[in-house]
Amino acid sequence: SFHLKTLVQAKLAVVEQQGRFQRYRADIPQMLKVIAYLTENCCANQPGACQPMRDEIPGMDKVLPHL
């Protein structure tokens, strides 16, 4: 629960109260924005260094900006 609350505070997850339970969901659009930012700015402004990771994940070019 501690880790989930941290993700909510970072706006990477949302929580909904359902009766006695709290349901946590990932905020996928926000996570994709973070991944895109990290991809563009990783490795000291050498975004091409992230290309191997992009190549390993099918469909990644559809959700991340092109390098």
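**Exercise 1. State what share of the contacts between residues at least 6 apart in sequence joins residues at least 24 apart.**

Solution. In this predicted model, take the contacts in the protein between residues at least 6 apart in sequence; 15% of them join residues at least 24 apart.

**Exercise 2. Give the order of helices and strands along the sequence.**

Solution. Begin with the inventory: the protein has four helices and two strands. Then read along the sequence, which gives the pattern α-β-β-α-α-α.

**Exercise 3. Describe how much of the protein is buried and what its exposed area consists of.**

Solution. The protein has 67 residues, and 13% of them are buried. The exposed area comes to about 5400 Å². Carbon and sulfur atoms supply 59% of that area.

**Exercise 4. Locate the nonpolar surface patch formed by V34, Y37 and L38, and classify Y37 as buried, partly exposed or exposed.**

Solution. Together, V34, Y37 and L38 have about 290 Å² of accessible area. Y37 belongs to helix α2, which covers residues 28-41. The relative accessible area of Y37 is 54%. Exposed means over 50%, so Y37 is exposed.

**Exercise 5. Identify the residues whose side chains meet in a salt bridge, and classify each by accessibility.**

Solution. The structure contains one salt bridge. Its partners are R25 and E16, with an N to O distance of 2.9 Å. This pair satisfies the cut-off of within 4 Å. For accessibility, the limits are under 20% for buried and over 50% for exposed, with partly exposed in between. R25 has 45% relative accessibility, so R25 is partly exposed. E16 has 34%, so E16 is partly exposed.

Notes. Residues numbered from 1 in each chain as written. Predicted model: local features only at pLDDT ≥ 70, side-chain atom pairs only at ≥ 80, totals over all residues. Heavy atoms only, no water. Buried < 20%, exposed > 50% of the residue type's maximum accessible area, 1.4 Å probe, protein only. Contact = heavy atoms within 4.5 Å. Areas by Shrake-Rupley, 256 points an atom, 1.4 Å probe, with all protein chains shown as cover. Patch = residues over 30% accessible without salt bridge, like charges linked within 9 Å, V, L, I, M, F, W, Y side chains within 5 Å.
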